[in-house]
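User: I have a model open here and would like to go through it with you, one region at a time.
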Amino acid sequence: MLNLTPLIKYYFLPRVRAAASWHGRVRDVQENLLRSLVATARNTEFGIRHGFDSIRSYDDFAARVPVSDYEALRPDIMRMLRGDADVLWPGRCHRFAQSSGTSEGKSKYIPVTAHSLRLNHYVGARDTVAHYLNLYPGSRLFAGKAFILGGSFANEVTDNPAGAKIGDLSAHLIEAMNPLADMVRVPRRSIALLENWSEKLPRLVKASAHENITNISGVPSWFMTVIRNVIEYTGADNIHDVWPNLEVFFHGGIAFGPYREQYARLTDPAKMHYIETYNASEGFFAVQTSAERQSMQLLLDAGVFFEFMPLDADPADNSAPLPPWKIEQGQTYALLLTSCNGLWRYSIGDTVTIHSADAPEITIAGRTRHFINAFGEELMVHNADKALALACKATGANVADYTVAPVYSSGNTRGHHQWLIEWTNPPTDTDAFADELDRQLCNVNSDYQAKRSGNIFLDRLSITNAKPGLFEHWLKSTGKLGGQRKVPRLQNDRKLIDAMLRMNS
């Protein structure tokens, strides 16, 4: 295929210059965006209810609009799904991304408006490519095709009188994509949007095995399964024997750390680059802009206004969130969104750590609900991911998936954490791996280390080996199997892990 990268990159690179202009102008860029969002929605039911006509500044906005979660917005969103117009955002919304983001297993239906596709999701995708081409000017990205791993329109809605499209965000993005993009991507839409993964996976493999793939996009855990199957199907040693021009993985959805070594084994590391994105059903928020730093730069002009809730604040305190020009480097906050899909001061459920407050750079610290603090240890997902990656590196083991929950003290026994792990390459000695993982958790989390000191408050963690395919089986049993569905990493109770353990036995 002709290398069109030198020509096409000039369409992308202005976005790099736009991001560079944000330095020192965070308040101007974000407050102007907020004014635009408020003005656009002033005649919606939500806008009338909260006096959008008289909002002139961020302070006005924060005083009028309450902090919300999905349950607070659910009645309005369900009306939108049934076909009502001008509720949270102007016009009628025809698309909804089904998300499994609650630990209770209740599905969320996130509006995907025409504005959010045009001003946010596709802008985020463009920015991702722009920053990659800026980092690697010798790229031949458009000398081949993109392999985009998407979900489907499978959903749990039984009553859909308005005929709304409901499914994974990626399915909406693929279906709504400009048809010209089909010339440079695989697989074709009929395969990409298949619902049944037992049928979809072999068709993905066959559709991609003989293509000139230069870039792949998706969730690391799911794409690893696809890559392994392509290697097996072709009899290759690694994926670069099949796709010699593969140069980058645009990934997101879950932390990449526990998978990094496995990708290094499945690829030729000398040829591969990795770019992390923060792309959720609710919006596209940030992209990695440096090869050296793992942090991601927030997209300040892409249809989303950001706020940051201090972790020690009352979640119901509407005055507690901070605008992006008041955040502090090194602090971790819960992320709030106001977006062109009709989410207003919405708590997405993620916590982020600020690595630069100027044109803010962040990493995802974990979930506001996915943590363990059963013994005062304050273990968050980013701690667990990092410790697990270090333990795997030290022992040569590889993990396919995992979840962790507390085991509470009983009688003369102390509490500890139980790790349920599915291996792709198990350690030779599980007890020795548990010792190493415990040491690494102490290294990355001082609260955990303090509780482990002297085995007084907290015993060493235990590891239970999961049967192959356990987590996939559990996801399927909950109706959440798919390309964007994820196993909860940390649980502060035993509700989910006990169900998994019953399956495991």
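Analyst: Two strands are taken as paired if DSSP finds at least two bridges between them; the strands (E, at least two residues) and helices (H or I, at least four) are DSSP runs, numbered from the N terminus. This is a predicted model, in which local features need pLDDT of at least 70 and side-chain atom pairs count only at pLDDT 80 or more, whereas totals for chains, interfaces and linings use all residues. Residues are numbered from 1 along each chain as its sequence is written, and side-chain values use heavy atoms, with hydrogens and water left out.

User: OK, so which residue in β18 does Thr-403 stand opposite?
Analyst: Thr-403 stands opposite Leu-420. The two strands there, β17 and β18 (residues 416–425), are antiparallel, with nine bridges between them.

User: And what is the strand order of that sheet?
Analyst: The order is β17-β18-β19, in an open sheet of three strands with mixed pairing. The edges are formed by β17 (398–407) and β19 (462–465), each of which pairs on one side only. On average, neighbouring strands of this sheet are turned by 25° against each other, with direction ignored.

User: Which helix lies across those three strands?
Analyst: That is α18 (residues 495–504), which lies across β17, β18 and β19 and runs at about 50° to β18. Such angles run from 0 to 180 degrees between N-to-C directions, and the axes are lines fitted to C-alpha atoms, for helices over the stretch in contact.

User: At what angle do α17 and α18 cross?
Analyst: The axes of α17 (residues 470–477) and α18 cross at roughly 115° and come within 10 Å.

User: Which residues meet there?
Analyst: From α17 there are Leu-470, Phe-471, His-473, Trp-474 and Ser-477, and they meet Leu-496, Ala-499, Met-500, Met-503 and Asn-504 of α18. A contact here means heavy atoms within 4.5 Å.

User: Switching topic: where is Lys-451, and what does it touch?
Analyst: Lys-451 belongs to helix α16, which spans residues 446–452. Leaving aside residues up to four places away in sequence, Lys-451 touches Phe-375, Gly-376, Glu-377, Phe-457 and Leu-458.

User: How many residues apart in sequence are Lys-451 and Glu-377?
Analyst: They are 74 residues apart in sequence, while their C-alpha atoms are 6.4 Å apart in space.

User: Now β3. Which strands does it pair with, and is the sense parallel or antiparallel?
Analyst: Strand β3 (residues 145–148) runs parallel to β6 (residues 213–218), and four bridges join the two. Within that pairing, Phe-147 has Ile-216 of β6 as its bridge partner. β3 also pairs in the parallel sense with β5 (residues 185–186), over two bridges, and there Ala-146 stands opposite Arg-185.

User: Back towards the start of the chain, how do α1 and α7 cross?
Analyst: The axes of α1 (residues 5–12) and α7 (residues 114–135) come within 9 Å of each other and cross at roughly 125°. On the α1 side the contact is made by Thr-5, Lys-9, Tyr-11 and Phe-12, and on the α7 side by Arg-126, Val-129, Ala-130 and Leu-133.

User: Last one: what is the mean pLDDT, and where is it below 50?
Analyst: The mean pLDDT of the chain, which is the predictor's confidence in each residue on a scale from 0 to 100, is 92, and 97% of the residues reach 70 or more. Over residues 101–105 the pLDDT is below 50, and in the model this stretch has eight contacts beyond near neighbours in sequence.
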